[in-house]
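Take a look at the model below. This report walks through a sheet, a cavity and a few chosen residues.

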Amino acid sequence: MKRKVCMLLCYLPFLDSRIFECEAKSLVKHGYDVTILAPRKNGFLFHIDGKPFSNQFRDEIFHYHGMKVIAYDSEKRSSDYLVDPLFQLGLKEEADFYHAHELNSFSYGKEIKRTLKEQQNKQVKLIYDSRQITPDPMSSKINAETKQNWMKMLQENIKEVDFIITVSDSIKAWYLAINPLLPVEVIYNAPPLTPTIKEKSTSDDSFVIAHEGNISKETFEKIKAITSDYNGKKGIQFKIIGGSRYGNEMLLIPNHLQSRIKLTGWVDYQSLPLTMSDVDLGFIDLDPSSSLNNAFNMPHKLFSFLNNGIPVVANKCSDLEKFIKTHHCGIVIDKLTPSSLDYIETIKYVEQHPDEWETMKKNARKVMEATYSWEHMEKRLLSVYQSVDANSLPYLLS
């Protein structure tokens, strides 16, 4: 009899790379029966950038890549969990494992677990996949009352959790500071290993730098300034993979930079390696000055770049800095919020030291092959599930 997993989503798209491409596909491959409860907006499921699927995934229940997807209307969400569609659908699944991906869906998982125990004496397992700290204690976008309420919610949910998965050592330590007995493991937000990568030549006429994923207005302004003011031996080109989300303000490139900044838009997950095949340097610009999540985060874009043998330039964020310096797979600017001029000087350094750039390229690919690709993270995921099922602490594989 297959063990049944029910993934609970309140806001995230069901095709989210961590949820669908990595965790769900791995669980299906290893014999689990996986169901994803996915929110719709205005009757449509939505893509990773928030754009609605108007011609795909129209059925309320469908099977896709070996898993079942059940769509529900997010407009019908309720503060009373008993009448909320996510709670009702989750309860109906009677799964063995409930895997929640946000603080809110974690709360529904807690209620589902308690209800199944009370009504059917069914013992189910609850896993919280926390890719960020919620609430972020440093965030200025959340008022003090909301932070307090969310923290109470988290502490109540933790009473029922069987395992917490997160994405960095510092976030793991944050949870252990709340309760040192919590079972917590880091599963990095890394992609499957790209089978082959294209060798890039230092003799190319231009140096290609890439930003991947969502982009803030501040980071986009830096990219325009870097591209406009750069005066190294080679010209530089910026490639923005992803960009603004559906419904947000479009990224407008000035006329004089049209040939030097390329917007690819959001690309299919499987197409990322090809889209990055001409990239020389990955660009990571997170602001940790008012976000503990940015300070602690190990973003998916880091591993996407390394997976394709692309070293990175990044600002000073605790876990990111330690990783890059340990593996010598990029350069960290020793500032929390570097200016465009700081990035220009660092890019010039990389351009002027091709031997060091080549070493960083090799190290980038090597760390993914040896330790950090999804093939390695999959072992950790399966170990978590097996240990939760056995009610014992895991012996986690690297």
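A cavity here is a set of grid points where a 1.4 Å probe fits but cannot get out. The structure is a predicted model. A search of the whole of it finds 1 cavity of 30 Å³ or more. The largest cavity has a volume of about 30 Å³. Its lining is made of Ser17, Arg18, Cys22, Asn189, Ala190, Tyr269, His300 and Trp374. Helix H1 (residues 17–29) gives the largest share of that lining, with 3 residues.

**Helix H9**

One lining residue, His300, also belongs to helix H9, where it is buried. Is H9 mostly covered or mostly open? Helix H9 (residues 300–307) is mostly covered, with 8 of its 8 residues buried. Besides His300, the buried residues of H9 include Lys301, Leu302, Phe303 and Ser304. Phe305, Leu306 and Asn307 are buried there too. Just after H9, Gly309 takes a positive phi of about 70°.

**The parallel sheet**

Six strands form an open sheet with parallel pairing. Their order is S11-S10-S9-S12-S13-S14. Which strands stand at the edges? They are S11 (261–265) and S14 (330–332). Each has a single partner strand, so one side of each is left without a neighbour in the sheet. Neighbouring strands of this sheet are turned by 20° against each other on average, direction ignored.

Strands of a sheet pair through backbone hydrogen bonds, either parallel or antiparallel. Strand S9 (residues 206–214) and strand S10 (residues 235–243) pair in the parallel sense over 9 bridges. Asn214 stands opposite Gly243 in S10. Helix H6 (residues 217–229) packs on the sheet. H6 touches S9, S10, S11 and strand S12 (281–284). The direction of H6 makes about 160° with that of S10.

**Ser168**

Ser168 is found in the loop between strand S7 (163–166) and helix H5 (169–178). Is Ser168 buried or exposed? Its relative accessibility is 0%, under the 20% limit, so Ser168 counts as buried. The side chain of Ser168 reaches two backbone atoms, listed here.

| Side chain | Backbone atom reached | Distance |
|---|---|---|
| Ser168 | nitrogen of Ile171 | 3.2 Å |
| Ser168 | oxygen of Phe296 | 2.9 Å |

Leaving aside neighbours within four places in sequence, Ser168 is in contact with Val186, Tyr188, Phe296, Met298 and Asp319. Phe296 thus appears both as a contact of Ser168 and as the owner of a backbone oxygen that the Ser168 side chain reaches.

**Lys122 and Glu369**

Lys122 lies in the loop between helix H3 (103–120) and strand S6 (125–130). Which residues does Lys122 contact, leaving aside its neighbours within four places in sequence? They are Glu94, Ala95, Asp96, Leu116 and Lys117. The C-alpha atoms of Lys122 and Leu15 are separated by 30 Å, with their positions 107 residues apart along the chain.

Glu369 lies in helix H12 (residues 354–372). Its relative accessible area is 43%, between the 20% and 50% limits, so Glu369 is partly exposed. Glu369 touches Leu193 and His376, not counting residues up to four places away in sequence. Glu369 and Glu21 are 348 residues apart in sequence. In space they are 19 Å apart, C-alpha to C-alpha.

Key: Residues numbered from 1 in each chain as written. Predicted model: local features only at pLDDT ≥ 70, side-chain atom pairs only at ≥ 80, totals over all residues. Heavy atoms only, no water. Pairing = 2+ DSSP bridges. Helix = DSSP H or I, 4+ residues; strand = E, 2+ residues; numbered from the N terminus. Axes fitted to C-alpha atoms, helices over the stretch in contact; angles between N-to-C directions. Contact = heavy atoms within 4.5 Å. Buried < 20%, exposed > 50% of the residue type's maximum accessible area, 1.4 Å probe, protein only. Polar contact = N/O pair within 3.5 Å; in protein donor to acceptor, adjacent residues only side chain to side chain. 1 Å grid on protein atoms, 1.4 Å probe; cavity = no way out; pocket = protein on both sides within 12 Å on 5 of 7 lines; lining within 4 Å. Points joined across faces, edges and corners; volume = space filled by probe spheres on them.
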